[in-house]
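Student: Hey, could you walk me through this one? I'd like to hear about its empty spaces and how some of its helices pack.

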Amino acid sequence: MTRLQDEVPVEYTGDVRADLTRYLNEIVNGLHRARAAGRPAGSGAASAGLVAEIAAAAARHADIGAAVQAMFARRNALVLRLLERARGSGELKPEADPVVIFDQLAGALYYRLPVTGQPMDAEYVDRLVASALGGAAP
């Protein structure tokens, strides 16, 4: 999972909506790859795959939980810096909370994958980012 995460660049270009949309689309692609890990090609299995297994192991074993939390904390810090830079440049309201914004974005994806099983695609990501930034934009 760390290797998959590290393949995705996190950069602020001056357009927070485009940056978040690009980043979340990469997360979705990674989640789909993790979903298919260890399954025969074309199996079409709709389970959450490796993501669910990691979440379950993290919930059951403190050492795995700590490792997963550390992995995500390191990666999420990059996205939080992106959001802080966007706030500093005036793309987000001064009172916008980067942690809450990212919780809304990532939380929706990590809920959708194992719980609802609803599709995650570029259209969904566009709507998700627009919704999350709607209350944060000046």
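Tutor: Sure, what follows goes through the spaces and then the helix contacts.

Student: Anything I should know before reading values?

Tutor: This is a predicted model, where local features need pLDDT of at least 70, side-chain atom pairs count only at pLDDT 80 or more, and totals for chains, interfaces and linings use all residues. Residues are numbered from 1 along each chain as its sequence is written, and side-chain values use heavy atoms, with hydrogens and water left out.

Student: OK, how many cavities of 30 Å³ or more are there?

Tutor: One, from a search of the whole structure. A cavity here is a set of points on a 1 Å grid over the protein atoms alone where a 1.4 Å probe fits but cannot get out, and lining residues have an atom within 4 Å of a point.

Student: What volume does the largest cavity have, and what lines it?

Tutor: About 60 Å³, where volume is the space filled by probe spheres set on grid points joined across faces, edges and corners. The lining is Pro9, Val10, Glu11, Asp19, Arg22, Tyr23 and Leu82. Helix α2 (residues 16-36) gives the most, three residues; helices are DSSP runs of H or I with at least four residues, numbered from the N terminus.

Student: How does that lining divide by class?

Tutor: Four nonpolar, no polar and three charged. Ala, Val, Leu, Ile, Met, Phe, Trp, Tyr, Cys and Pro count as nonpolar, Asp, Glu, Lys and Arg as charged, and the others, Gly among them, as polar.

Student: And how much space lies in the second largest pocket?

Tutor: About 240 Å³. A pocket is an open set of points with protein on both sides within 12 Å along at least five of seven lines. Twelve residues line this one, and the closest to its centre are Ile54, Ala55, Val68, Phe72 and Tyr110. α3 (49-60), α4 (62-88) and α5 (98-116) each give two or more residues to the lining, with the largest share, five, from α3. The lining has ten nonpolar, two polar and no charged residues.

Student: Switching to packing: at what angle do α4 and α5 pack?

Tutor: About 130°, with axes 9 Å apart; axes are lines fitted to C-alpha atoms over the stretch in contact, and angles run from 0 to 180 degrees between N-to-C directions. The two helices are therefore oblique to each other, a word for angles that are not under 35 degrees (roughly parallel), over 145 (roughly antiparallel) or 65 to 115 (roughly perpendicular).

Student: Which residues of α4 and α5 meet?

Tutor: Phe72 and Leu80 are among those in α4, and Ile101 and Tyr110 among those in α5. Contact means heavy atoms within 4.5 Å. This contact divides into nine nonpolar, one polar and two charged residues.

Student: What about α5 and α6?

Tutor: α5 and helix α6 (residues 122-134) pack at about 150°, axes 9 Å apart. That makes α5 roughly antiparallel to α6. Residues including Leu105 and Leu109 in α5 meet partners in α6 including Leu128 and Ala132.
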